[in-house]
Amino acid sequence: MTYRFVDRLSGNACEVQAGGTLLGRFILEPFGDEAIFLNSVAISESAYCVPDLRGQWQLLQPGQERIEGTISRTQVLDRLDTSSILDVGTSIEGVISSGGTWLDALGVSPLVPGMSERAEFQDFEKFLAEHLGHLIEVCKRPRTHLRVEVERTAVSRARRVATQASSYLAAHTEDWDRPTLRAVIPKRILSLVREDQYDIYENRVAARLVDHVDAYLSRRVTEVSRLLRLFSAAGDHRSTAGQGSHWRQRRVYQLWGSSIDAGDARRKAERTLEQLKYLKYSISGLMDSLLYREVPRRAFVGTTLTMTNILANDAHYRRVADIWLAWARLGLEQSPKPEKHFEEMQALCRCFGSFALLLVIRGLEQLGIEPVDLSQSLAGQEIELTGKGARVRLSWSASDGVLRLAVDDGKPLRIVPIPASVAMLPDDGIASLMRDADVAGSLDEITLVLYPSPSTEVAFQRMEPAHAHRLHALSHEIAEQGQTKAGFLPVSPWDLTSVERIARQLRWVISAPAFLAYPPTFANPLVAEFAANAPWLKVSGPEVVVVRAPGSHEALSVAQVLEAEKSRLVALEAEHADVSQQLRMAVRDGRASGPLNGRKKGLNAEITDLQSRIGFLTSLEADLAAGVAVVQSLLACPTCASVADPRRDFKGGPGHRFSCECPDCSTQWGAEACPNCTAWIPTLLPAVTSWTVNEAEVGWLDRFLGADSLAVPYKLERGGLGYVCPSCGHGRASAGSGFTFRQGATA
Ligand SMILES: [Zn+2]
Ligand SMILES: [Zn+2]
């Protein structure tokens, strides 16, 4: 074998999967010199397993049996999704290949490029609207070729007699009615029959133009409708009527605001859509016209027109030709070639990975995490980041498109972008994908599968509700004791909340370990000396627990004591040197050395003791500083970044338990114990003025809290809030059950 077939869900090589597969899930890595063909294209570097134009894929090695499989057509994204992913992905690839930095990548918008222009009535459409009348005229009253044929017809139906009629009749007695003395009375006779022939080149041009323009308008109506939905969603986020936390609204609007004015764009899109629908209505009507019906369905016309007399000179046909030429200039009608299709599918898989990278970069930026070195180029496929008291390493692979985020003291995150239209799969297809993703994961890392958001929410309403929820849930939100669960999230340049969703996952990976690092603990024998007036420490013997950050007047005097002891050591050492000198002099002069000897011994012991004391003080100072840094990092509000007061807003407790409330925005965060298992649950909840959650609503967490959440909140029967346990899943049954609560709601 001269290749590896890798399942990207697990990252491991596996048997080649013949039969039905998922677009972009598997990757083929060739090695050695032997040629390998994927879909009849020779490949030399790793390539994604993608369908050909017929929805199949084949793997061929010279001298070996061909391996074949299918990839259902429903998984292939439509033109609009594909082109937007290609556009955004290519921009990011450009930034990386040109040695761009983090900030350059942040300059790329994760939304559909050129939205504003696409929402406008295009030049071709204006031209079409202007000359549509001519096309209608041609379809209603087409020109025809007059065809005259000689046919044997009954005498009663004959209009013009053909010249050869009499000689033919003389030879065909069966056509006689009866002979008379002087002549023959014919029954049937050869006559000239005139017929209008519609199937001429010019009419074929008109009929096919109707087809092309109809297809074009369908695409545009879909495109502008989607833009309109996007603009409306953006408009809602800005209005106070929009639901969910206003932090989330503000972020989404910021992302949007840098692109365009939503209200203006929406009005423009509405106008364009109306015009397009009118055009589409008129064009579809032409499919019922005489011309369209008379020209055979399969009559083909090449893109380059032959300018016949009629097309060049007829007042109406001339305009039809003009419309055709304008349409041809758009360059839409390229029947795809197999190689080109293969390349485009590969580019789609790569670009979806680059798009995912952009979302992660944006998400990290949103959480306040930045590169250690801002000038570092992204070309190295790895970058060190810091922020929120955490150190993080983000890496990505150009060959398989998998992203990794490693966090100090936390589980690493593995993001697998899969460009298949997962939401369009049948229920059993979704179920088996989820099963495979769960099996492929490991308990030591968090797996997140990204897939393209479907063009409408209807796709989620169509599937089993459990599947729809799971396709929006992160690994810890659907936890079950002792089992690995992969998270799934939809993302797309057409989806305003893509960044927000990724940021929710990133928040979990980065903040959860930091929350559970509370409380910092260490041991030091000297701590009792200082702890008496330090209510922020809990000391028993040498054990120290840093319960909260010290207030401004609560700092310990360790540093000063250390300084004093260090000077005392210097003095003692000087005295020791002096005594040694005196001792040497006494020995040389033959004087009594007993008392000096005793003094020196005493000094030796004193110095050793002091040195060890200084050692403990030094480590106490360092451990305290580290512990204080941990509790201090917990004081920064995750939503508004204000710093809470350690005495007023922060409450520490046994185990990992703590809670904190932001003095500015009333966001609450902390850690609490699971009532079912021994695990701890990190929590975060911004103050929401009022929201109602509908349990049936897919992706409610996305919509209401976005990135400002850790464990999933739910309402307890006895009032207050509970959180779904990320270890055993306790409380999940009631997650998101309908509840409304007001500002400052407390558990
Ligand atoms: Zn705050
Ligand atoms: Zn639990």
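N39 counts as buried, because 22 C-beta neighbours lie inside 10 Å and the threshold for burial is 20 or more. The model is predicted. N39 sits in the loop between β5 (36-38) and β6 (41-43). Its phi is positive, about 50°, although N39 is not a glycine. S40 is found in the loop between β5 and β6 as well. S40 also has a positive phi, of about 65°, and is not a glycine. S40 counts as exposed, however, because 11 C-beta neighbours lie inside 10 Å and a residue with 12 or fewer is exposed. The β5-β6 loop thus presents a buried N39 and an exposed S40.

Helix packing was examined for α4 and α8. Two packed helices are described by the angle between their axes and the distance between the axes. Helix α4 covers residues 123-140 and helix α8 covers residues 262-285. They pack at an angle of about 45°, and their axes are 11 Å apart. The two helices are therefore oblique to each other. Their crossing is left-handed. On the α4 side, the residues that meet α8 are E125, L128, A129 and L132. On the α8 side, the partners are Q275, L276, L279 and S282. An α-helix has 3.6 residues a turn, so residues three or four places apart point the same way.

Attention then turned to α11 and α12. R329 belongs to helix α11, which covers residues 315-329. R329 is exposed, because 10 other C-beta atoms lie within 10 Å. T303 is 26 residues from R329 along the chain, and the C-alpha atoms of the two are separated by 9.7 Å.

Helix α12 spans residues 338-366 and contains H341. H341 is partly exposed, because 16 other C-beta atoms lie within 10 Å. Leaving aside neighbours within four places in sequence, H341 is in contact with D52, L53 and P336. H341 and A644 are 303 residues apart in sequence, and their C-alpha atoms are 56 Å apart in space. The length of α12 was checked against its residue count. At 1.5 Å a residue, its 29 residues should span 42 Å. The end C-alpha atoms are 42 Å apart, so the two values agree. Just after α12, G368 takes a positive phi of about 80°.

Helix α16 was treated in the same manner. It covers residues 498-516. At 1.5 Å a residue, its 19 residues should span 27 Å. The end C-alpha atoms of α16 are 27 Å apart, so expectation and model agree. A kink of about 30° nevertheless lies in α16, at I510. The kink comes shortly before the proline P513. Helix α16 is mostly covered: 16 of its 19 residues are buried.

A second proline, P519, lies in the loop between α16 and β22 (521-523). The peptide bond joining Y518 and P519 is cis. Its omega is about -5°. The α16 region therefore combines a helix of the expected span, a kink at I510 and a cis bond in front of P519.

Note on methods. Residues are numbered from 1 along each chain as its sequence is written. Chains are lettered from A and ligands numbered from 1 in the order in which they are written. This is a predicted model: local features need pLDDT of at least 70, side-chain atom pairs count only at pLDDT 80 or more; totals for chains, interfaces and linings use all residues. Helices (H or I, at least four residues) and strands (E, at least two) are DSSP runs, numbered from the N terminus. Two residues are in contact if their C-beta atoms, placed from the backbone, lie within 7 Å. The expected span of a helix is 1.5 Å times one less than its number of residues. The bend at a residue is the angle between axes fitted to the seven residues ending there and the seven starting there. Axes are lines fitted to C-alpha atoms, for helices over the stretch in contact, and angles run from 0 to 180 degrees between N-to-C directions. Angles under 35 degrees count as roughly parallel, over 145 as roughly antiparallel, 65 to 115 as roughly perpendicular and the rest as oblique. A crossing is left-handed if the near helix is turned anticlockwise from the far one by less than a right angle, and right-handed if clockwise.
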